[in-house]
Amino acid sequence: MRRRGFLFFILMSLAATTANASAPLGFETEVWQYFEEKSGSYAKTNMSTSSMAPSPLINEDRVFGSTYYDTLSILKSANDCSEFFGGADASVEIFNRLMGRVHKDHFASPIGMKMSGEVTSVFNARTKARYRLFGKVALNAKGPFYRKRYSNSEPATPRIGSFEPNTQEARMLIFLHELGHLVKGPDGNWLLPND
C-alpha cells in the first residue's frame, strides 16, 4: 500500500474518533498490508539510538517504543499527516516533547492517554508552530494501548476509531490524537478540541 493512502486513513480515523463517527470502510486491509510491509522496520533499525529517545519508556517498553518509532517515521517525512500537524520539523518537535512527558499510570477507564496539570504555551520561531504542553501525560496501562479488556468480568475495551484496542494501529492513533490536542492550526484553534 502506498503511504499516502495510509496517512489519509489515519487522518480520517483521527477525525472519526473526535466526532464519535465511524471511519471510512475498506481501509482495514490496506492498513494491515502497510503493517505487514513496514511496521517495525524503522523501529528495529533505530531502537538502538537510545540517546536520542525523549523518554526512557521508549527503550524500557517494547510496545511503547515500537509505536513511538512507527509514529515518528510518519511524522518526520513530508506528507499529509505531518502537514496536518504543522510540517515535519514542527510535528517531530511537538511529538518528542509530548513523549518526553509520558508516564504509565493505571486508571479504570477506556481512555488511552490523559493529559492534565499546568499548561505551557510554546511558540517556535523557526517552524512557526504554536502548541501547548500539559504538565502530566498519563498512558493508561489498563487501557486500549495495552489491553482489549480490563478483566474477564468486565466488558471489552471500546474500539479506537475503527481499530481494535491493543493493536499497533490503535496505539498510533492514540498518539496522533493526543498530538492533535496540542497543536494550534492556522485559524488559531486547536487541531482537535478538548475531549
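1. Let me start at a loop that caught my eye: T167 sits between β3 (129-140) and α8. With a relative accessibility of 18%, T167 falls under the 20% limit and so counts as buried. A polar atom of the T167 side chain lies 2.8 Å from the backbone oxygen of E164. Please keep in mind throughout that this is a predicted model.

2. N166 belongs to that loop between β3 and α8 as well. Its phi is positive, at about 60°, although N166 is not a glycine. Most residues other than glycine have a negative phi, so this is a spot to look at on your screen. As for exposure, N166 has 27% relative accessibility and therefore counts as partly exposed.

3. A positive phi also turns up at K128, another residue that is not glycine, with a value near 65°. K128 is placed in the loop between β2 (113-124) and β3. Is K128 buried or exposed? K128 is exposed, its relative accessible area being 58%.

4. Following the chain on from T167 brings us to helix α8, which covers residues 168-182. The helix has 15 residues and spans 22 Å from first C-alpha to last, close to the 21 Å expected at 1.5 Å a residue. How many residues of α8 are buried? The count is 15 of 15, so the helix is largely enclosed by the rest of the structure.

5. Now for the aromatic rings, where the count comes to eight pairs. One of them joins Y68 and F95, which are stacked with 5.4 Å between the centres and 10° between the planes. Y68 lies in helix α5 (residues 62-75) and F95 in helix α7 (residues 88-99), so this pair ties together parts that are 27 residues apart in sequence. Both partners are buried: Y68 has a relative accessible area of 3%, and F95 is at 0%.

6. The pair F84 and F85 has its ring centres 5.0 Å apart and its planes at 80°, which makes the arrangement edge-to-face because the angle is over 60 degrees. Here the two residues part ways in exposure: F84 is partly exposed at 32% relative accessibility, whereas F85 is buried at 1%.

7. Which residues form one aromatic cluster? They are F64, Y68, Y69, F95, F145, Y146 and F175. The stacked rings of Y68 and F95 are thus both found in this cluster.

8. Two charged side chains deserve a look beside the rings. R171 places its charged end over the ring of F145, at 5.8 Å from the ring centre; F145 is one of the cluster residues. Elsewhere, K184 lies over the face of W190, with 5.1 Å to the ring centre.

9. Finally, the overall picture. The protein has eight helices and three strands, and from the N terminus the order is α-α-α-α-α-α-α-β-β-β-α. Of its 195 residues, 50% are buried. Among contacts with a separation of 6 or more, 61% are between residues 24 or more positions apart. The accessible surface comes to about 9700 Å², and carbon and sulfur atoms hold 52% of that area.

Key: Residues numbered from 1 in each chain as written. Predicted model: local features only at pLDDT ≥ 70, side-chain atom pairs only at ≥ 80, totals over all residues. Heavy atoms only, no water. Helix = DSSP H or I, 4+ residues; strand = E, 2+ residues; numbered from the N terminus. Expected span 1.5 Å × (residues − 1). Buried < 20%, exposed > 50% of the residue type's maximum accessible area, 1.4 Å probe, protein only. Polar contact = N/O pair within 3.5 Å; in protein donor to acceptor, adjacent residues only side chain to side chain. Phe/Tyr/Trp six-rings, centres within 6.5 Å; stacked < 30°, edge-to-face > 60°. Lys NZ or Arg CZ within 6 Å of the ring centre and 35° of its normal. Contact = heavy atoms within 4.5 Å. Areas by Shrake-Rupley, 256 points an atom, 1.4 Å probe, with all protein chains shown as cover.
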